[in-house]
Each structure stands twice: as C-alpha cells, then as structure tokens.
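Visitor: I would like to learn how to read a model of this kind, one feature at a time. Could you take me through it?

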Amino acid sequence: MAPPDFISNEAFTNLYLLLVNSVYILLPLSLILLLFSKISFKVTIFLLGVYGSYSIVIPYLLKIPLISNFVLTFGDYSFFIYLIFSLIFGFVFYHLVNIAFVVGGFLLGGLVGYSIGTFIISSNGEWLNNLPFPVSYIPWIIFTILGVIVAIIFSKNYQSIISIISVIFGSFILSFYTIYLLEKHTSISIGSNSLLSGWEQLSQPEFFGIFISLIIYMILGFFLIVRSNRKKGNN
C-alpha cells in the first residue's frame, strides 16, 4: 500500500516547507493547541488580529493623510499608538471571527436545506399542488429553517467546536514533527527516512507512523477536553 497521491501536490509541498522552516515556532504552538485547546485557539485568533493590524491595517491607514499627520504629531509615541490600536483590533478581529463562525453555520445549514428543498420539488409529489404558496419557495424556507438551526448550534457550541479544531491542527503538526525530528536528530530508521527530503519521498512506514501518531495525539487531546468538561460540570 502506497501513501496517498495528494501529498505530492503544491499545497502540501508548501506546507512541508513551512513546517520544516518554522519548527521552533510551530512545535511549541502545536503543543499549546493540543494540551490547552480551551484557550489556545482564542489566543491564536487574537494574535492573528494583532499581526494583521501591524502588517495590513496600519500600513493602509498611514496612507491616509489625516491619520498619517496625526501619528507624526505624536512621533515619539507612535509605537504605543500602534500597539494600542493593534490590541483593540485584535479583540475586534476575535469577535468578527465569532460572528463569521455563526454566519458560516447559517450558510452551511442553509445550503443543505436548499438541497433538500430542491430534492423535494424534484419528487413531483401530488401534495405539492395543495400548498398555499408557490413550490419554488420550499428550498428557501428549508434554507432558512436549517440555517437558523445550525447557526444556533454553532453559536451554543462555539467553544467546543473551536477546541476540536485546535486539537486536530495541533495533533497533525505534532505527528509530523514526531517522525521528522526522530529521523533528523536520532539514529532511528523509519522506512528509508525519506521524509527528510519532502512529502514526495514519503515511505509507507513513515506515512503510517504519522497517521498512528495523529490518532494517538487526537485521542489525548479529546480526552483532555472531556476531562475538562467533566471538572467544569462537577464545579
């Protein structure tokens, strides 16, 4: 059995380069995502907002003469102005992601509902002729109903869903580093140790090593989530 072909595409090649070149950043981050999933993803979103402010928003705003002149007036304190603005933007960005998460849930449920409604119309059942409204409304009615239901579910379980995503991301990154770092810094031979050369050279033992590590780390992460929920429930 050979490793799946999708690992040789350009996206996975770029991912490999990112993982290899950012090991000192992504390895600690993967541990945080896995072991502290309740808060890690929130902090990550906030930091992305702060980074986005420094790298995108602030440079764009400085192109506006009124804002640029204001900052130049307080040139000695420009760093603190940028910092305060970035922290505020980080909080705003976090809440925007929260809203986008709920909107995404509405659209996801809505699209499923629309597909169901379209299927119902295609059945051409006789009962459709007795409806007090046009048949074409059915997909949009189910779109709205399912969209609202899924949006509520996403809103009520936002923290749990984010924690699950955090565990999955952390487990994947950590499973890669488990095999990669063992091959690079120890005398252990896993297959032909070809992971050091890139995804394209990944051997079957390495693939299964990463896959098994992924499962183990995910089990550990989900266990920590369940234990945390139980402690919270007991308190």
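Visitor: Let me start with a single side chain: which residues does S171 touch, not counting residues up to four places away in sequence?

Guide: Bear in mind throughout that this is a predicted model. To read the surroundings of a residue, one lists its contacts beyond its neighbours in sequence, and for S171 these are L34, L214, Y217 and M218. S171 itself has its place in helix α7, and its C-alpha atom is separated by 7.9 Å from that of G221, although the two residues are 50 apart along the chain.

Visitor: Why does S171 count as buried?

Guide: The criterion is a relative accessible area under 20%, and S171 counts as buried because its relative accessibility is 0%. S175, which is also placed in helix α7, is buried as well, with a relative accessible area of 0%, and it touches I210, S213, L214 and Y217, again leaving aside residues up to four places away in sequence.

Visitor: How should I read a nonpolar core, and which residues touch the most other members in the largest one?

Guide: One looks at its members and then at the elements that supply them. The largest nonpolar core has 14 residues, of which Y16, L19, F176, Y177, L195, W199 and I210 touch the most other members. The elements giving two or more residues to this core are α1 (10-21), α2 (23-35) and α7 (158-185), and α7 provides the largest share, 5 residues. Taking Y177 as an example, its contacts are L19, S22, V23, L26, L27 and L182, not counting residues up to four places away in sequence. There is also a second, separate core of 7 residues, which includes I45, V150, F154 and I162.

Visitor: Turning to helices, how many residues does α5 have, and how far does it reach?

Guide: A helix can be judged by setting its span against the expected one: α5, residues 78-122, has 45 residues and reaches 63 Å from its first C-alpha to its last, close to the 66 Å expected. Its buried residues are S78, S86, G90, Y94, F101, G105, G109, G110, G113 and G117, and the helix is followed by N124, whose phi is positive, near 55 degrees.

Visitor: At what angle do α5 and α6 pack?

Guide: For a helix pair one reads the angle, the axis separation and the handedness together. Helices α5 and α6 (residues 138-156) pack at about 150 degrees with their axes 6 Å apart, and their crossing is right-handed. The residues of this contact divide into 21 nonpolar, 9 polar and no charged.

Notes: Residues are numbered from 1 along each chain as its sequence is written. This is a predicted model: local features need pLDDT of at least 70, side-chain atom pairs count only at pLDDT 80 or more; totals for chains, interfaces and linings use all residues. Side-chain values use heavy atoms; hydrogens and water are left out. Helices (H or I, at least four residues) and strands (E, at least two) are DSSP runs, numbered from the N terminus. The expected span of a helix is 1.5 Å times one less than its number of residues. Buried means under 20% relative accessible area, exposed over 50%, partly exposed in between (1.4 Å probe, protein chains only). A nonpolar core is a set of buried Ala, Val, Leu, Ile, Met, Phe, Trp, Tyr and Cys residues joined through side-chain atoms within 4.5 Å. Contact means heavy atoms within 4.5 Å. Axes are lines fitted to C-alpha atoms, for helices over the stretch in contact, and angles run from 0 to 180 degrees between N-to-C directions. A crossing is left-handed if the near helix is turned anticlockwise from the far one by less than a right angle, and right-handed if clockwise. Ala, Val, Leu, Ile, Met, Phe, Trp, Tyr, Cys and Pro count as nonpolar, Asp, Glu, Lys and Arg as charged, and the others, Gly among them, as polar.
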